[in-house]
Structures are given as structure tokens and as C-alpha cells.
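Please open the model in a viewer and keep the sequence panel at hand. The tour below proceeds by selection, with a description of what each selection shows.

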Amino acid sequence: MPQRHSKNNNDLAFFTYDEKRKLGYGTQKERLGKDSIKPFDVCCLCLKPFIDPMCCQKGHTFCKECILECLLSQKKDNQRKLAAYTAQQKQEKEEAEEKLMQQKARELDAFDQQNHGAVPQYNDRNQSQDKNGFHGANSVKVTSYEEEALRTMKAFWLPSATPEAPVKAGAPPSSTFCPEGNEKLKLKSLFSIHFTEDNSEKKKSKSYDVTYICPSCKVTLTNTMALVALGTCGHVFCKKCADKFMAVDKVCLVCNKGCKVRDLVNLEKGGTGFAGHGDALEARDFKHLGSGSGLGLVRPAMKT
């Protein structure tokens, strides 16, 4: 009889290392290919070849229509949240005033009851009255035992006795944010960028087959190259030419428009939800075993 080891089926109450590996337990790694990386000439919002591209000061590129629609929707959302926050503040103020009035009414009723022996009755929105106008614990008599029990019962499974947690809205932000970098973004901080198309090959090409070149060194622009856009005129160059000519001469080589070093904006490279922009091109997922079936839940692995 062969010796039993961890790779054989067994009746242990736990999974062995080999069984966990067969179920896909642990950190799964995969090298991302070209199809998983966003090209440099597509919009960050619609993920299509951009039309009338615009760029922010952090180097994120968008279609003009997409970024304007995004900023407009953010402003409308902020206005809606501000209206809800204002209504909530008004309601809280009214409730505080009402509680103060009820507290004063209780004090007066207690004083009147102490002096004259009258039964205190006051209006309280939070405490429900029965059909005869009595208040449960504060009432002289209870006409229905079921109603009183239901009123004081803490049964979370009954719809009528389910407590309601108040939903409080926080103060909304007053500014709009970049959908890609999550930094504050204003419409006036965006500028149009212009790529130089490669017209050397005289053949018809589709819109997504258009290639762009650096107007200085005539090198084809790809995702492997670092690109720089001028904030004054919007022309795009490779980083070598930008550092060699524009940073020294402080003038654009295409339109001869003056520029400064702070006007050189580095365009962000394409990335995915798994990888940073041009830093790590490896996807990682951590799979832990679920209860019973052995099928695990997937959660992103922590960065080390």
C-alpha cells in the first residue's frame, strides 16, 4: 500500500497546501498585455479615440464633450446634495425647537400636577397616542393590552416595530474634481492639445489607425514614450525634445509661441484598474476559500 501524502485525497478536516493550490487559493498574478492598457490617444472617460482633446494640469486627457458633461453632472449633483443638506439642517433646527417647547410644556405640566393633581397631557410627535388620548406609561389606564405591548416591544422582525435610523447627509463639496486623478478641477484650468499626424504614407486609413509623430524629431508616438504637452499652445512633443529645446529656448517649435518651464505638462500613460500609470503592469488578485463549497471570494491583494 503506497504511503499517503498531501497530494492524495484524504479525509482531513482542513485543506492541504496542494488542494488549496488546485482551488486557486492565494495571490494570483498575471502579466497584462497590450490589450489591457489604455492607449495614450484615447479619452479617459469614454475609452475611445478622443475628439477635440483637452488636458488638465496633471496630464489626463479627455474628449471635450466628455469632460464638460462630467463637470456639469458634478455641479448638478453638488446642487442636489446642497439642497438636501439645507433641508436637513432646517429640519434639525425645527426638531430642536420642538423638543425645547415640549420640555418646557413637561415642566409646566409637572408643576401643575404637583400643585393641583391634574393628569399631564402634551403633544409629542415621537410618542403615539391611543384612541382615548392616553400616553402609555404616562396614562392613567390602558384600554388595549396588545396596543401597549406593541408600542413598547423591541421586535426588529416586525415591520411595524422596526426602528428607523436617521439618514444624515454631509456637507457637499463646493468644487468639481478630475474623474481620473481625484484632484480639484475647474473648467478654466483645462487646455486643448494638438497631436501632429503622420502624413508621410499616402494611403487611406481609418480614424483609429491614425498615427501621431513628434513634430520635432518625427518619431512615432507610442505608449512606451513619455509625452509632454505645452500648456500655452497645446502642441505635444516627446519628452526628449521638450527637455532639449522647449525647456532651454522657452518657445514652441511649431507655432513659435512663448512658454515657460511650468507650462510643460507631462501626459499620463495608459493604465488599468490593476496597474498604475506606467509603473506596474502586473495584475494581482487574492482568492480566499469560502465556506462549504470551496469556491472563494475574490478581493484585491494588498500592495506590498
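**Stop 1: the annotated helical span.** The model is a predicted one. Begin by selecting residues 68-107, which an unreviewed UniProt entry lists as "coiled-coil region". In the model this span is 100% helix and 0% strand. A distance drawn between its end C-alpha atoms should read 59 Å. Widen the selection to residues 64-116 to display helix α2, and keep it visible for the next stop.

**Stop 2: the sheet beside α2.** Select β2 (residues 53-55) and β3 (61-63), then add β4 (191-192). These 3 strands make up an open sheet, ordered β3-β2-β4, with antiparallel pairing. At its edges stand β3 and β4, each of which pairs on one side only. Between β2 and β3, which run antiparallel, there are 3 bridges. To inspect one residue pair, show C55 together with its bridge partner in β3, T61. Helix α2 packs on this sheet and touches β2 and β3. Viewed against β3, the direction of the helix makes an angle of about 90 degrees.

**Stop 3: a loop residue, S175.** Next, centre the view on S175, found in the loop that runs between α3 (145-152) and β4. Which residues does S175 touch, leaving aside those up to four places away in sequence? They are N78 and K184. Add L71 to the selection: S175 and L71 are 104 residues apart along the chain, yet their C-alpha atoms are separated by 9.6 Å. L71 and N78 both belong to the span selected at the start, residues 68-107.

**Stop 4: the sheet beside α4.** Select β7 (residues 227-230), β8 (236-238) and β9 (264-266). They form an open sheet of 3 strands in the order β8-β7-β9, and the pairing is antiparallel. The edge positions belong to β8 and β9, each pairing on one side only. Ignoring direction, neighbouring strands here are turned against each other by 35 degrees on average. Adding helix α4 (residues 239-249) shows a helix packed on the sheet, in touch with β7, β8 and β9. The direction of α4 makes about 105 degrees with that of β8. For the β7 and β9 pairing, 3 bridges are present; show V228 and N266, which stand opposite each other.

**Stop 5: enclosed space.** Finally, turn to the interior voids. How many cavities of 30 Å³ or more does the structure hold? There are 3. The largest cavity contains about 70 Å³ of space. To outline the largest cavity, select F40, T61, T222, N223, M225, L227, L267, E268 and K269. By class, this lining comprises 4 nonpolar, 3 polar and 2 charged residues. Among the lining residues is T61, already met as the bridge partner of C55.

Technical notes
Residues numbered from 1 in each chain as written. Predicted model: local features only at pLDDT ≥ 70, side-chain atom pairs only at ≥ 80, totals over all residues. Heavy atoms only, no water. UniProt positions renumbered as here; feature names shortened; annotations may be inferred. Helix = DSSP H or I, 4+ residues; strand = E, 2+ residues; numbered from the N terminus. 1 Å grid on protein atoms, 1.4 Å probe; cavity = no way out; pocket = protein on both sides within 12 Å on 5 of 7 lines; lining within 4 Å. Points joined across faces, edges and corners; volume = space filled by probe spheres on them. Nonpolar A, V, L, I, M, F, W, Y, C, P; charged D, E, K, R; others polar. Contact = heavy atoms within 4.5 Å. Pairing = 2+ DSSP bridges. Axes fitted to C-alpha atoms, helices over the stretch in contact; angles between N-to-C directions.
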